[in-house]
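Q: I am new to this structure and would like to learn how to read a few of its features. Could we go through them one at a time?

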Amino acid sequence: MAVPSVPSVSSGSAASAESSASSGSSAPLGSSVPSGSCASSGPSLPSGSRADRDSSTPRAPVVPAQLARGACERSPESVPPAPAAPDPARPPAPVDVRARITELRLSAFAGHRRAAFPLGPVTLFAGPSGAGKSTALAAYEALARLGGGAWLAEVFPDPVACVPERARPDAEGRRGFRIGCTADGAEGPVRLDVAVQAEPELRIVGERLTAGGVVLLETALRDPGRRTVQAAWHTAGSSPVTRAPLPDDRLGTALLPLRVAGKTDGQRQVLAAAEQMVVALRSVFTCDPRPEYMRTPVPTGTGRLMAGCDNLADVLWRTRFECGRRHAQLVEALRAGCAGPVTDLVAEPLGDGTVRALLDRGDGLRTELARLGDGELRYAALALVLLTGPGVLDVDPPGEVPDALRTLTVLADGFDRGLDPGQRRALLRTAARMGERGHIRCVAAVSDASWAAGTEGVAVVHLNP
């Protein structure tokens, strides 16, 4: 069954209007955070600091007078009938329990303000140069790395570049940014929001994990002189919460499985929500094929594809024999994206310990990848990424989670770079087909998405500078 298309989202709407970081401490533990509100999409910076002092107040939607009048004057005969009761003989639709990121929130990050982007099986960020496409993907990748346990300084080597340009420091010279996401799965929607101080010192100053209207984890910077934050997580036992310090340079959600015992129902709820978020974030592969490195033979190695797809030939040497079905799908995809006949894609070992890749033309002629154009090489690499999985790509997925409960998300900046119209459409159809199966999702940036209109299972987010 095909996945329905998600309506396009425009960054010019109220969801991306410029906002400021609220001052003061975070909401008390146990307070609900509206899951559909962008204004409350993140914990605040410490008291007295602001990410942006230009505040804006969200307004209620305006209903046209004629629509409001029509609703009041509707006759009983015009009232639509109640929906029919579900057929007890028909089995219920299966519930997708695989952990996956379904929303990206950029409350105050670089050029984005109060932006919330829904993410489907295939999501394209489209817009002109400077609209913030690469920034959105960079924020997603940053959250993924934090979820994998990376240090804050490794994730943000230039944190000042992430601060909104118009954000003014407070009296202590503090400025920062806020990002967040929602992970769906067996525990339902779980929200994570993080506030990061970029100046004068890089540190996490606030974090909030919520599910079902319950704040499961909340951290806040209480003493700027100490490199810790005060954390409180849901317990629902003899005491409602448990409080303890956590480091200010690591994501607290990723540390919870090491700190929470899981003795009470509340603690088990915290663990389940944190694990769902961490699994969804860790299952990300950032891909940007570089044709200039794919043309030369490469040393034989682990057979795991790197982000730049430099070692494409080494990976083909492994996958061609390990998974014949997917290799056949790759060859079929190459027929649609490469000039001339294609009957196979092979890897040939050389005498110096390296391996090269060649296209088999079927008439005894084999074409080295060095002779292919940049667009053909990028197309071949992206097709390989979409048709493989975590065991082939250079990612570190949670090994304790069964494959049936994991979804790999491919982040591809410049998805359409160097591709002709036929290659773009064929590659997008491949991404949509894999997204429909549920194991591979794709979030990509393109300069123009008019060619993707009408593709089943593809959502387009239109950004404006």
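A: Happy to! Keep in mind that this is a predicted model. Let us begin with the cysteines.

Q: How many disulfides does the structure hold?

A: A disulfide is a covalent bond between the sulfur atoms of two cysteines. Here there are zero disulfides.

Q: Why is cysteine 309 not bonded to cysteine 287?

A: The two sulfurs are 3.8 Å apart, which is too far for a bond, because a disulfide needs the pair within 2.5 Å. Cysteine 287 holds the closest cysteine sulfur to that of cysteine 309.

Q: And which cysteine sulfur is closest to that of cysteine 442?

A: Again the one in cysteine 287, but at 9.0 Å it is too far for a bond.

Q: Are cysteine 309 and cysteine 442 buried or exposed?

A: Cysteine 309 is buried, with a relative accessible area of 0%. Cysteine 442 counts as buried too, at 1% relative accessibility.

Q: Now to empty space: how many cavities of 30 Å³ or more does a search find?

A: Rolling a probe the size of a water molecule over the atoms shows where empty space is left. In the whole structure, the search finds one cavity of 30 Å³ or more. The largest cavity holds about 30 Å³ of space.

Q: Which residues line the largest cavity?

A: The lining is made of Ile204, Glu207, Thr219, Val229, Leu246, Pro247, Asp248, Arg250 and Gly252. Strand E7 (203–211) and strand E10 (241–247) are the elements that give two or more residues to this lining.

Q: What classes do the lining residues of the largest cavity belong to?

A: Four are nonpolar, two are polar and three are charged.

Methods
Residues numbered from 1 in each chain as written. Predicted model: local features only at pLDDT ≥ 70, side-chain atom pairs only at ≥ 80, totals over all residues. Heavy atoms only, no water. Buried < 20%, exposed > 50% of the residue type's maximum accessible area, 1.4 Å probe, protein only. 1 Å grid on protein atoms, 1.4 Å probe; cavity = no way out; pocket = protein on both sides within 12 Å on 5 of 7 lines; lining within 4 Å. Points joined across faces, edges and corners; volume = space filled by probe spheres on them. Helix = DSSP H or I, 4+ residues; strand = E, 2+ residues; numbered from the N terminus. Nonpolar A, V, L, I, M, F, W, Y, C, P; charged D, E, K, R; others polar.
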